[in-house]
Amino acid sequence: MPPRYADAIIPPPEAIVVPTKRVACDGGGALGHPLVYMDMGGDDFVECAYCDRRFVLSAHPKPENEYLSPAARPPEAH
């Protein structure tokens, strides 16, 4: 059996910088996963249990009044 290198087989999870501690993830794309809502709690990051996306809190957080959707948005909405 040939040697296996973990970093060559499995790419690192996607890291998404977000402005709030509460986020929503659907896996993105047509073959995503069920929509899940996550809260970072006392940490500055949270990882999706389905797709391993890592949501990292921005250096300039915003008030937590709604969940951040990772869905595509027009450039002017960012």
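In strand S3 of this predicted model, Tyr37 is the bridge partner of Ala24. The pair belongs to the antiparallel pairing of S2 (residues 22-25) with S3, which extends over four bridges. Strand S3 covers residues 36-39 and has two unlike faces: Val36 and Met38 lie on the covered face, whereas Tyr37 and Asp39 lie on the uncovered one. Tyr37, the partner of Ala24, is thus named on the uncovered face of S3.

**Overall architecture**

The protein contains one helix and five strands. Read from the N terminus, the order of elements is α-β-β-β-β-β. The chain has 78 residues, of which 21% count as buried. Its accessible surface amounts to about 5,900 Å², and carbon and sulfur atoms account for 58% of that area. Among contacts between residues at least 6 apart in sequence, 48% join residues at least 24 apart.

**Strand pairing**

Three pairings are described here, and the table lists them with their sense, their bridges and one residue pair from each.

| Strands | Sense | Bridges | Residue pair |
|---|---|---|---|
| S2 and S3 | antiparallel | four bridges | Ala24 and Tyr37 |
| S1 and S5 | parallel | four bridges | Ile16 and Phe55 |
| S4 and S5 | antiparallel | three bridges | Glu47 and Arg54 |

Strand S5 takes part in a parallel pairing with S1 and in an antiparallel pairing with S4 (residues 45-47). Arg54 in S5 stands opposite Ala15 and is also the bridge partner of Glu47. The charged end of Arg54 sits over the ring of Phe45, at 3.9 Å from the ring centre. As for pairs between aromatic rings, the count in the protein comes to zero.

**Faces of the strands and the nonpolar core**

In a regular strand the side chains alternate between the two faces of the sheet. Strand S1 shows this alternation: Ile16 and Val18 point to one face and are buried, while Ala15 and Val17 point to the other face and are not. In S5, Phe55 and Leu57 form the covered face, and Arg54 and Val56 the uncovered one. The bridge between Ile16 and Phe55 therefore joins a buried residue of S1 to a residue on the covered face of S5.

In soluble globular proteins, nonpolar side chains tend to be buried together. The largest nonpolar core here has eleven residues, namely Ile16, Val18, Val23, Cys25, Val36, Met38, Met40, Val46, Cys48, Phe55 and Leu57. At least two residues of this core come from each of S1 (15-18), S2, S3 and S5 (54-57). The covered residues of S3, Val36 and Met38, are members of the core, as are the covered residues of S5, Phe55 and Leu57. Outside its neighbours within four places in sequence, Ile16 is in contact with Arg53, Arg54, Phe55 and Val56.

**Loops and the segment after S5**

Ser58 lies in the segment after S5. Although Ser58 and Ile16 are 42 residues apart in sequence, their C-alpha atoms are 9.3 Å apart in space. With neighbours within four places in sequence left aside, the contacts of Ser58 are Val17, Val18 and Pro19.

His33 is placed in the loop between S2 and S3. Its relative accessible area is 16%, under the 20% limit, so His33 counts as buried. Beyond neighbours within four places in sequence, His33 is in contact with Cys25, Asp26, Gly27, Cys48, Tyr50 and Cys51. Two of these contacts, Cys25 and Cys48, are also residues of the largest nonpolar core.

Asp44 is found in the loop between S3 and S4. With a relative accessible area of 46%, Asp44 is partly exposed. Asp44 and Lys21 are 23 residues apart in sequence, and their C-alpha atoms are 7.4 Å apart in space. Leaving aside neighbours within four places, Asp44 is in contact with Lys21, Phe55, Val56 and Leu57.

Asp52 is found in the loop between S4 and S5, a hairpin with six residues between the strands. At 45% relative accessibility, Asp52 counts as partly exposed. Most residues other than glycine have a negative phi. Asp52, although not a glycine, has a positive phi of about 65 degrees.

Note on methods: Residues are numbered from 1 along each chain as its sequence is written. This is a predicted model: local features need pLDDT of at least 70, side-chain atom pairs count only at pLDDT 80 or more; totals for chains, interfaces and linings use all residues. Side-chain values use heavy atoms; hydrogens and water are left out. Buried means under 20% relative accessible area, exposed over 50%, partly exposed in between (1.4 Å probe, protein chains only). Two strands pair if DSSP finds at least two bridges between them. Contact means heavy atoms within 4.5 Å. Accessible areas come from the Shrake-Rupley method with a 1.4 Å probe; for residues, only the protein chains shown count as cover. Rings of Phe, Tyr and Trp (its six-membered ring) pair if their centres lie within 6.5 Å; planes under 30 degrees apart count as stacked, over 60 as edge-to-face and the rest as tilted. A charge sits over a ring if NZ of Lys or CZ of Arg is within 6 Å of the ring centre and within 35 degrees of the ring normal. A nonpolar core is a set of buried Ala, Val, Leu, Ile, Met, Phe, Trp, Tyr and Cys residues joined through side-chain atoms within 4.5 Å.
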